[in-house]
Every structure is written in C-alpha cells, then in structure tokens.
Amino acid sequence: MKIAIFSTARSDFGLLTPLLRAIKSSQELHPLLFVGGTHLSKHHGQTISEIREFGFKIDGKFDYLIGNDDRYSLSQGFSNAVRYIADIFEGHQFDYVCILGDRYEVLSIVINAVLYNKPIIHINGGEVTEGAIDEVVRSMTTKAAHLHFVACEEYAKNVKVMGEDSWRVHNTGSLSVDSIRTTKKIQRVELFEELNLNPEKETILMTYHPVTQGASISHEDQLRNIFKALNGYNFQLFITAPNTDFRWSELQRIIDEEISSNKNLTMVKSLGIKRYYNLVKNCAFVIGNSSSGIIEVPFFSIPTINIGTRQKGRLRHPSVIDVDYSPSSIDRGIQKALSKEFKENLNNMKYNFGDGSAAEQMVKIIRETKLDQKLMSKRGASHIL
C-alpha cells in the first residue's frame with residue numbers, strides 16, 4: 001500500500017521524518033514523498049537539501065511560490081499548487097494521501113484528494129489557533145479527512161465534536177516526540193561553534209511568524225516591541241526566519257535592520273531538525289509565537305514566552321508564559337522565565353503530547369484499516385445532533 005506524503009515547509013518535515021522511516025520499515029506500506037513550498041525557496045534556506053541529507057527519496061516536487069507576499073500573490077501561488085499537485089495525482093499511483101498540520105497550502109492537496117477520491121490521513125487535527133487563518137484551514141481539512149491522528153485526548157474530543165466518527169479518530173501523541181527522541185545529540189561547544197555563538201553566554205531562541213488574524217497592532221510594532229524588551233538584557237539572541245504567510249517579508253526586513261545594529265543578534269533561514277532541537281535545550285528560554293514553543297519546547301522543560309494571539313486556544317504546559325504585545329508585558333515574561341523558582345517547578349512537569357510511539361501507532365492503524373466504502377463515506381455533523 002502506497003502512502004503519498006506531502007511536505008511544504010521545514011516545520012512539517014521535521015515531524016514527518018519518524019513517520020517516513022516507520023512506513024519505509026513496514027513490509028506492508030511504502031512511502032512516496034512529494035516536496036514543495038519553502039523547501040525549494042532560496043529565501044527560506046532551500047531545505048530540500050536537508051531532506052536529501054536524511055536519505056529520503058523525493059518522488060516529486062511542486063514549486064508554487066510567487067516572490068511577493070501580498071494576498072493576491074499568495075492566492076496565485078495557491079492556484080499554482082493546485083495545478084502542480086494535480087500533475088502528481090495524475091502521474092503517480094498511491095492509496096492514501098497524508099497531510100500534517102494546517103498551513104493554507106495544504107488545501108491544494110486536500111481538494112485534489114477529494115477530486116481523485118483518495119482517502120486522507122490528517123495529522124495534528126483538533127488543535128485551536130484563534131490568531132491565525134490556520135484555524136479555518138485545519139477545520140476544512142478535518143472535514144475532508146478519513147483518518148485523524150491527534151496529539152492528545154482533548155484534541156481528539158475536538159475532532160469528534162465536529163462530527164467525525166469516533167473510529168476514525170486516534171490519539172497517537174505528537175510525532176514531535178518521536179523526532180526529538182531519535183535526533184542525534186550535539187555537544188554544546190560543538191553546536192555553538194557551528195552557529196557562531198558564544199557557549200559562555202546566555203542564549204535565547206526566537207521564532208516569530210505573521211499574525212494572520214485578529215492582531216491589535218501592526219506587524220512592525222509587534223516585532224519592535226520584542227526587541228525593545230530584549231534590549232534590556234545582555235542575551236545572545238538566535239533568530240529563525242518567519243513563515244511565508246501574509247506580510248512575512250515585513251518581519252524579515254525588521255529582523256535584518258535589528259541585526260545590522262546589534263552584534264548580539266544572529267539569524268539563520270533554517271536551523272534544520274537536528275540543530276533546532278539541540279539548540280532549544282541549550283537556551284534559557286524561547287520566545288515568539290511559533291507552535292513549536294507550545295508543542296515541542298515543553299518536552300525539554302524549557303520556558304516558552306508566547307507572545308500575542310497566534311497560538312490562542314492550544315493546550316498549554318506550565319512552561320508556557322503568555323504575554324501580550326507590549327514591551328512591559330514581554331519584560332515581565334522574561335523575568336518569570338529567568339526566575340529560579342519557575343524553572344525548578346518545571347523539573348517534574350508532565351508532558352501531554354505522547355511518549356514517542358506516534359509513528360509506530362500510525363503505521364499499525366493504517367495497516368489495520370480497511371480501505372473500503374465505509375472509510376470513504378463521510379457524514380456531516382448533523383448525525384451527532
């Protein structure tokens with residue numbers, strides 16, 4: 001049985017690697033990997049090279065991005081993606097389509113799967129992000145999907161409330177735990193030398209993406225306020241590039257300006273999975289509005305300062321400190337993250353998103369699921385009322 005797996009960004013590929021390995025190791029299943037989006041973009045580090053370094057065969061590419069980041073260009077790029085992915089569906093035979101997450105471009109895969117009558121496996125459904133259009137995309141994907149692999153029981157309940165049959169919904173935990181547990185360790189001195197960082201200096205990791213829904217202040221003010229708060233400390237700040245969402249280049253411009261005038265700031269387009277996880281556990285805290293700060297960073301018992309509304313609605317660990325966009329609120333979050341008492345309380349924190357067996361569980365469920373009319377017949381929410 002062939003599983004078509006689609007990856008459009010560094011974020012989803014990092015989580016998909018354990019599943020790709022597990023499928024590849026299975027005698028009954030075979031993966032087909034299709035990559036596009038920022039993997040093929042020089043502006044975002046051309047992370048297709050990392051995929052090749054992992055030794056995965058790439059069965060096809062879909063290069064749909066347009067240089068501009070206004071709404072019209074994003075829509076035109078999406079239109080390109082629909083056409084290019086249709087070519088993939090025409091040119092390859094597979095039994096399942098596998099999608100992770102909630103970025104807008106996944107809908108180009110979803111609509112092709114619907115038109116070609118292919119069952120959809122959706123990973124990381126049931127989550128809530130009120131400050132991003134991802135919320136709408138995730139819900140649309142959920143209603144199209146035939147199998148749901150979620151990170152915790154609360155998210156499983158959210159999917160069922162949307163009208164999905166219980167037998168379709170599986171709490172496997174997050175693939176991020178599988179990925180973290182299998183990532184090769186890098187010594188601090190070696191890692192910091194590779195990244196041109198001072199191993200003796202307190203280090204902070206920042207990832208900040210555009211807020212695509214419901215922001216109360218401009219993108220520029222959001223980002224300037226973060227730097228204003230951080231400038232009160234002598235941190236070594238390492239920054240990863242923002243996602244290709246609406247107005248991402250505005251954030252990149254501000255980051256570039258700040259770096260040009262502050263020797264304590266460093267940025268890389270993409271750290272890669274191995275360096276990212278190893279850097280996180282060597283940081284005093286992480287800061288920004290990335291889902292990684294909510295899902296993956298708590299695994300290491302490292303504080304996350306989560307800014308604004310982008311991740312509003314996701315399940316929180318005690319390590320997550322929510323602040324608003326003001327410099328004073330961000331500063332209070334920094335002081336809390338640095339406090340000895342707060343850090344000590346995280347030592348015995350329970351992690352809620354699985355035990356590292358997600359990929360193994362997913363493969364078992366796919367193998368045992370009958371690909372029949374029962375699987376393909378979807379109902380709306382009305383049958384649960």
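This briefing walks through the overall build, one helix and its neighbours, the salt bridges and two backbone details of the structure above.

The model is predicted. The protein chain holds 16 helices and 13 strands, and 58% of its 385 residues are buried. For a compact globule of 385 residues a radius of gyration near 21 Å would be expected, and the 20 Å of the protein chain agrees with that.

**Overall build**

- Taken along the principal axes, the C-alpha atoms of the protein chain fill a box of roughly 60 × 45 × 45 Å.
- If you like to think in contact maps, take the contacts with a separation of 6 or more: 70% of them come from residues 24 or more positions apart.
- The accessible surface of the protein chain is about 16,500 Å², and carbon and sulfur atoms account for 48% of that surface.
- On the charge side, there are 46 positive and 44 negative charges, and the mean positions of the two sets lie 2 Å apart.

**Helix α7 and its surroundings**

- A good place to start looking is helix α7, which spans residues 175–182 and is mostly covered, with six of its eight residues buried.
- Those buried residues are L175, S176, V177, D178, S179 and I180.
- Three of the partners that the buried residues of α7 pack against are helices α11 (273–280), α12 (292–295) and α15 (358–368).
- Helix α1 (10–25) and the strands β4 (96–100) and β5 (120–123) are also packed against by the buried residues of α7.

**L19, seen from helix α1**

- L19 is found in helix α1 and is buried, with a relative accessible area of 2%; that value lies under the 20% cut-off for burial.
- Leaving aside residues up to four places away in sequence, L19 touches C98, I123, L175, A359, M362 and V363.
- One of these contacts, L175, is itself among the buried residues of α7.
- Another α7 residue to compare with L19 is S179: the two are 160 residues apart in sequence, while their C-alpha atoms are 9.1 Å apart in space.

**Salt bridges**

- Side chains of opposite charge can pair when their charged atoms come close, and the count for this model comes to 17 salt bridges.
- R103 and E105 form one of them, with 2.9 Å between the closest N and O atoms; both R103 and E105 are buried.
- K378 forms a salt bridge with E164, and here the closest N and O atoms are 2.9 Å apart.
- K378 sits in the segment after α16 (373–376) and E164 in the loop between α6 (153–161) and β7 (169–171), so this pair ties together parts that are 214 residues apart in sequence.
- The two ends of that bridge differ in exposure class: K378 counts as partly exposed at 26% relative accessibility, whereas E164 is buried at 4%.

**A charged network around helix α10**

- The side chains of R253 and E257 meet in a salt bridge, with an N to O distance of 3.1 Å.
- R253 and E257 are four residues apart in helix α10 (residues 248–260), so about one helical turn separates them.
- An α-helix has 3.6 residues a turn, so residues three or four places apart point the same way.
- Both partners count as partly exposed: R253 has a relative accessible area of 37%, and E257 has 34%.
- Salt bridges with shared partners join E220, R224, R253, E257 and E258 into one network.

**Backbone points to check**

- Where would you look for a positive phi in a residue other than glycine? N124 is one such place, with phi near 75°.
- N124 lies in the loop between β5 and α5 (134–144) and counts as buried at 8% relative accessibility.
- S301 also has a positive phi, about 60°, although it is not a glycine.
- The loop between α12 and β12 (304–307) holds S301, which counts as partly exposed at 24% relative accessibility.
- These two positions thus fall in different burial classes: N124 is buried, whereas S301 is partly exposed, with the line between the classes drawn at 20% relative accessible area.

Conventions
Residues are numbered from 1 along each chain as its sequence is written. This is a predicted model: local features need pLDDT of at least 70, side-chain atom pairs count only at pLDDT 80 or more; totals for chains, interfaces and linings use all residues. Side-chain values use heavy atoms; hydrogens and water are left out. A salt bridge is a side-chain nitrogen of Lys or Arg within 4 Å of a carboxyl oxygen of Asp or Glu. Buried means under 20% relative accessible area, exposed over 50%, partly exposed in between (1.4 Å probe, protein chains only). Helices (H or I, at least four residues) and strands (E, at least two) are DSSP runs, numbered from the N terminus. The radius of gyration is taken over C-alpha atoms; the globule rule is 2.2 Å times the number of residues to the power 0.38. Contact means heavy atoms within 4.5 Å. Accessible areas come from the Shrake-Rupley method with a 1.4 Å probe; for residues, only the protein chains shown count as cover. Lys and Arg count as positive and Asp and Glu as negative; His and the chain ends are not counted. The place of a charge is taken as NZ of Lys, CZ of Arg, CG of Asp or CD of Glu.
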